[in-house]
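Trainee: I would like a close look at a single part of this model. Please take one helix, go through what it packs against, and follow its neighbours outward.

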Amino acid sequence: MKDISEIRSDFPILGRKVYGKALVYFDNGATTQKPQCVIDAVNEILTQKNGNIHRGVHYLSDMASEAYENARQKVASFINASKKEEIVFTSGTTGSINALAFSFGEKYVKEGDEIIVSHLEHHANIVPWQMLCERKGALLKVIPVNQSGELLLDEYYRLLSPRTRIVAVTQASNALGTVTPLREIIDAAHAVNVPVLVDGAQGIQHGIVDVRQLDCDFYAFSGHKIYGPTGIGVLYGKENLLNDLPPYQGGGDMVEKVTFEKTTYNQLPFKFEAGTMNYAGAAGLGTALDYVSSLGREDIALREKELLRYATQKLSSTDRVRIFGNSSNKISTISFLIEGIHQYDTGMVLDKMGIAVRTGTHCAQPVMDFYGIEGTVRASMCFYNTFDEIDALVAGIEQVKKMF
Ligand code: PLP
């Protein structure tokens, strides 16, 4: 892997100051910073190749379409999909899950059916399924967790029933960092012919994701959480499954032939891409994936494990700090509270020191309810963070304790 100072210099924003202090960015779970190559890729589309995709015969439209389809191929290779037609571009993980919940729900879910999610889910992987359940009279079943924030697999096995239509589960909890046992979850669902959606929003950026090896049926992620632009995301689906699903939005590009009597739909993946798509964002995402690959995904995972180990050791030996989520398998995310101090106060004082952390429920209210708390402070690290920054966080926590 490149030297850390070289890596950091790839990200212009990491060099800036906040309130006159060096920026310590520990909110990578919310969104990651962008390397210059991604900024350049988006800029190149907007300044050199801007034309609406798949529509024009003119030069700029061709250039933009080519960049967009190249990005699709890069995503397919990155997650090892069988073919690029299995990659549907969306606005992000939320867009992907909503699309699937609507489309899958229209086709396969009826009254009395069941959908399984886990207690660790982000709201994006709860609410769309809940909305579907309300529309169809179906039931949401929830895999419970233990005090360490790990899923209780035996309970999951008991929840699977002949009424289960789909299992939708996160790869890693954004609130606690827990990595879920996807192998076991997917195998058990497949044993009873139930497809599985993996919410990869907090998984894809931390290691190698191979959808064929994993054998998940659907996989969703956001570009902006893997060093790409906002407003672009991916819904991967196995070709036969996507082919069987109805479109979820109507409009331009998703059609084959339109008459007032009947419309026929385009082939994959365009059937699910109505309207003008975010082609500049897609190009930026493709470049972000190239960048991550160039660093080496195994090396990224190793470095982040080291950061997690160091931060866990430091924070757990800091007086009055309680860590939430103690699974032995975690991404580099630590949720904590300082005893007697509200998470917002901690976050605000840290912010004034230039340290960006996330505070609140992390869009995972059920997890907070499980621990009987209103929220936590979350430090989500990635490969460009340093051990010195973790020391700065610990020093910041000491400062917070003095103030309250
Ligand atoms: N799922 C998980 C696990 C997340 O952490 C997030 C965002 O934090 C989402 C879904 C939603 O992602 P987005 O807001 O990019 O759609």
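Mentor: The part to take is helix 11, whose buried residues pack against helix 1 (4-9), helix 3 (59-79), helix 10, strand 13, strand 14 and helix 14 (387-403). Bear in mind that this is a predicted model. The buried residues in question are Arg297, Ile300, Arg303, Glu304, Leu307, Leu308, Tyr310, Ala311 and Leu315. As for the spacing of such positions, an α-helix has 3.6 residues a turn, so residues three or four places apart point the same way.

Helix 11 has 20 residues, and the distance from its first C-alpha to its last is 28 Å, close to the 28 Å expected at 1.5 Å a residue.

Now the segment before it. Helix 10 covers residues 279-295; its 17 residues should span 24 Å at 1.5 Å a residue, and its end C-alpha atoms are 25 Å apart, which agrees. Of those 17 residues, 14 are buried, so helix 10 is largely enclosed by the rest of the structure. Gly296 follows helix 10 and has a positive phi, near 100°. Helix 11 itself takes in residues 297-316.

On the other side comes the loop between helix 11 and strand 13, where Thr318 lies. Thr318 has a relative accessible area of 7%, so it is buried, the cut-off being under 20%. Leaving aside residues up to four places away in sequence, Thr318 touches Val394, Ile397, Glu398 and Lys401. Helix 14, listed above as a packing partner of helix 11, spans 387-403.

Next, the sheet. Four strands form an open sheet in the order 13-14-17-16, and the pairing is antiparallel. Strand 13 (321-324) and strand 16 (358-360) are the edge strands, each pairing on one side only. From one strand to the next the twist averages 30°. Helix 11 packs on this sheet through contacts with strand 13 and strand 14 (333-338), and its direction makes about 10° with that of strand 14.

A second helix also meets these strands. Helix 12 (residues 343-352) lies across strand 14, strand 16 and strand 17, and runs at about 160° to strand 16. Strand 14 therefore appears in both descriptions: helix 11 touches it, and helix 12 lies across it, with contact taken as heavy atoms within 4.5 Å. At the strand 16 edge, three bridges join strand 16 to strand 17 (residues 376-380), and the two run antiparallel. Within that pair, Gly360 stands opposite Thr376 in strand 17.

Finally, helix 11 takes part in a pocket. The largest pocket holds about 510 Å³ of space. It is lined by 23 residues, and those closest to its centre are Gln171, Val179, His206, Gly207 and Ile208. Helix 7 (182-191), helix 8 (211-214) and helix 11 each supply at least two residues of the lining. Helix 11 gives the largest share, four residues.

To put the pieces together: the buried residues of helix 11 pack against both helices and strands, helix 11 touches two strands of the sheet, and it contributes four residues to the lining of the largest pocket.

Terms used
Residues numbered from 1 in each chain as written. Predicted model: local features only at pLDDT ≥ 70, side-chain atom pairs only at ≥ 80, totals over all residues. Heavy atoms only, no water. Pairing = 2+ DSSP bridges. Axes fitted to C-alpha atoms, helices over the stretch in contact; angles between N-to-C directions. Expected span 1.5 Å × (residues − 1). Buried < 20%, exposed > 50% of the residue type's maximum accessible area, 1.4 Å probe, protein only. 1 Å grid on protein atoms, 1.4 Å probe; cavity = no way out; pocket = protein on both sides within 12 Å on 5 of 7 lines; lining within 4 Å. Points joined across faces, edges and corners; volume = space filled by probe spheres on them.
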